Amino acid sequence: MTETYGAEFLVRWLEATAAAVDREADRLTELDSAIGDADHGVNLKRGFAAVTELLAKEPPATPGAVLVTAGRQLISTVGGASGPLYGTLLRRAGKALGEEEHVSRERLAEAFGAGVAAVSQLGGAQVGDKTMLDALVPAVEALRGSFGAARAAAEEGALATVPLQARKGRASYLGERSIGHQDPGATSSALLFAELEGAARAEGGS
Ligand code: ADP
Ligand code: MG
């Protein structure tokens with residue numbers, strides 16, 4: 001039988017992500033202090049806290065609505081580049097899910113695929129530019145196979161940003177000096193997919 005996921009699953013995922021971002025905020029900010037402006041942890045902490053607050057107050061009825069609501073909230077509460085980018089990822093994925101009440105992992109992978117394409121379009125970055133896309137693109141591709149594969153692919157993608165020179169975002173201003181540091185956004189993207197696997201396991205999904 002194919003496992004399906006409802007609105008509550010997406011809410012639990014975003015709550016777990018907020019907790020993970022909170023836990024890892026110092027590390028994310030530290031990574032951003034090496035090749036950015038030392039605010040990535042603070043940005044995401046603020047954004048995901050606002051997301052969970054809103055979802056608790058007005059829980060949307062469908063998986064798509066959860067993602068659209070969360071995406072909008074990130075866009076309106078995060079000042080840095082990552083707010084509009086993560087906001088676009090979730091909003092576009094939510095739109096792709098439409099009104100469906102229960103979605104399979106394959107549908108989630110498809111929807112996140114649309115979200116990732118929108119992130120690439122908004123920020124003009126591709127895989128290899130040392131951004132969140134280096135984790136997001138392989139993760140979403142691997143999600144077609146399993147939640148665990150997506151988590152592993154995101155982690156691997158984040159680690160693979162270390163030797164790259166940044167070509168987009170604030171880190172690109174550093175030129176060659178961006179080499180040798182892990183990208184903060186790719187690192188937070190790996191957290192998102194680690195928590196997605198955790199949420200799915202809690203429901204018995206794989
Ligand atoms: P800011 O760079 O405005 O301070 P954050 O520090 O919150 O915002 O986020 C930085 C992260 O955003 C980077 O590590 C990178 O992963 C991601 N990022 C920046 N610009 C882009 C872009 N054009 N496309 C994709 N991701 C980007
Ligand atoms: Mg920053």
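How many Å does helix H1 span between its end C-alpha atoms? The answer is only 37 Å for residues 7-35, whereas a straight helix of 29 residues would span 42 Å at 1.5 Å a residue. Keep in mind that what you're looking at is a predicted model.

So where does H1 bend? Look at Glu24, where the helix turns by about 60 degrees.

**The magnesium ion**

Stay with H1 a little longer, since the metal site comes next. Three aspartates hand their OD atoms to the magnesium ion (ligand 2): Asp32, Asp37 and Asp39. These protein donors lie 2.0 to 2.2 Å from the ion. Reading along the chain, you'll find them in the spacing D-x4-D-x1-D. How covered up are the donors? Asp32 is buried, with a relative accessible area of 9%, which puts it under the 20% cut-off for that label. Asp37, on the other hand, is partly exposed at 33%.

**Two residues with a positive phi**

Ala38 is worth a look too. This residue isn't a glycine, yet it has a positive phi of about 60 degrees. You'll find Ala38 in the loop between H1 and helix H2 (40-57), and it is partly exposed, with a relative accessible area of 32%.

Further along the chain, Lys130 also has a positive phi, about 65 degrees in this case, and it isn't a glycine either. Its place is in the loop between helix H5 (105-123) and helix H6 (133-142). Is Lys130 buried or exposed? It's buried, with a relative accessible area of 1%.

**How the helices pack**

Now for the helix pairs. Here are two of them side by side:

| Pair | Angle between axes | Axis distance |
|---|---|---|
| H3 and H4 | roughly 160 degrees | within 7 Å |
| H4 and H5 | about 140 degrees | 7 Å |

Helix H3 covers residues 63-77 and helix H4 covers residues 82-97. At roughly 160 degrees, their angle is over 145 degrees, so the pair counts as roughly antiparallel. H3 passes H4 in a left-handed crossing.

What about H4 and H5? Their angle of about 140 degrees doesn't go over 145, and therefore these two are oblique to each other. The crossing here is right-handed, with H4 passing H5.

**A few residues to find on the helices**

To get your bearings around H3, try Arg72, which is found in that helix. Arg72 counts as exposed, at 51% relative accessibility; the label needs a value over 50%. From Arg72 to Gly83 is 11 residues in sequence, and their C-alpha atoms are 9.4 Å apart in space.

Asp134 makes a good landmark in helix H6. This aspartate is buried, with a relative accessible area of 6%. Where does Glu101 sit relative to Asp134? The two are 33 residues apart along the chain, and 30 Å separates their C-alpha atoms.

If you'd like a route through the model, start at the bend at Glu24 in H1 and go on to Asp32 and the other donors of the magnesium ion. Pass Ala38 in the loop between H1 and H2, then take in the left-handed crossing of H3 and H4 and the right-handed one of H4 and H5. After that, stop at buried Lys130 and finish at Asp134 in H6.

How values were computed: Residues are numbered from 1 along each chain as its sequence is written. Chains are lettered from A and ligands numbered from 1 in the order in which they are written. This is a predicted model: local features need pLDDT of at least 70, side-chain atom pairs count only at pLDDT 80 or more; totals for chains, interfaces and linings use all residues. Side-chain values use heavy atoms; hydrogens and water are left out. Helices (H or I, at least four residues) and strands (E, at least two) are DSSP runs, numbered from the N terminus. The expected span of a helix is 1.5 Å times one less than its number of residues. The bend at a residue is the angle between axes fitted to the seven residues ending there and the seven starting there. Donors are N, O and S atoms within 2.8 Å of the metal (3.2 Å for Na, K and Ca); water is not among the atoms, so sites may look incomplete. Buried means under 20% relative accessible area, exposed over 50%, partly exposed in between (1.4 Å probe, protein chains only). Axes are lines fitted to C-alpha atoms, for helices over the stretch in contact, and angles run from 0 to 180 degrees between N-to-C directions. Angles under 35 degrees count as roughly parallel, over 145 as roughly antiparallel, 65 to 115 as roughly perpendicular and the rest as oblique. A crossing is left-handed if the near helix is turned anticlockwise from the far one by less than a right angle, and right-handed if clockwise.
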